[in-house]
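I set out to look up two acidic side chains and the nonpolar core, and I kept short notes as I went.

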Amino acid sequence: MNIKPLADRVLIQPTAAEEVTMGGIIIPDSAKEKPLKGTVLAVGNGTKDEEMVLKEGDTVLYGKYAGTEIEFEGEKYLIMRQSDVLAVLG
């Protein structure tokens with residue numbers, strides 16, 4: 001991975017949105033619910049005021065509107081502050 005988050009930010013790969021069909025009707029990508037779960041791929045070093053507690057490989061839950069969506073080499077990722085992560089699953 002060539003993306004290294006700075007300070008208290010983390011890079012997350014969202015879990016793929018589930019394909020939902022309703023009686024043979026396929027819901028388009030734009031209408032799918034955004035996933036709220038993902039895997040931490042990279043973490044920053046933290047700040048002097050906030051220690052980095054997340055680590056690579058953690059499966060996390062985050063808020064619906066948390067983070068900034070970025071695209072790198074054809075893949076979509078989220079970059080957000082550690083404080084935007086709601087919980088670690090595990």
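Before the first entry I note the cut-off I relied on: a polar contact is a pair of N or O atoms within 3.5 Å, where one must be able to donate a hydrogen and the other to accept it. I also note that the model is predicted.

Entry on D58. I found D58 in the loop between β4 (37-43) and β5 (59-62), and I looked up whether it is buried or exposed. D58 has a relative accessible area of 10%, and because buried means under 20%, D58 counts as buried. A polar atom of the D58 side chain lies 3.0 Å from the backbone nitrogen of K55. When I left aside neighbours within four places in sequence, I found D58 in contact with G38, T39, V40 and V88.

Entry on D8. D8 sits in the segment before β1 (9-14), and its relative accessibility of 6% makes it buried. Which side chain does the side chain of D8 make a polar contact with? I found that of R81, at 2.7 Å. Not counting residues up to four places away in sequence, D8 touches G46, T47, E50, M52, M80, R81 and Q82.

Entry on the core. I listed the largest nonpolar core, which has 12 residues, among them V40, M52 and M80. The elements that give two or more residues to this core are β1, β4, β5 and β7 (75-81). V40 of this core is also a contact of D58, while M52 and M80 of the core are touched by D8. A66, one of the core residues, touches L78, M80 and D84 when residues up to four places away in sequence are not counted.

Conventions. Residues are numbered from 1 along each chain as its sequence is written. This is a predicted model: local features need pLDDT of at least 70, side-chain atom pairs count only at pLDDT 80 or more; totals for chains, interfaces and linings use all residues. Side-chain values use heavy atoms; hydrogens and water are left out. Helices (H or I, at least four residues) and strands (E, at least two) are DSSP runs, numbered from the N terminus. Buried means under 20% relative accessible area, exposed over 50%, partly exposed in between (1.4 Å probe, protein chains only). Contact means heavy atoms within 4.5 Å. A nonpolar core is a set of buried Ala, Val, Leu, Ile, Met, Phe, Trp, Tyr and Cys residues joined through side-chain atoms within 4.5 Å.
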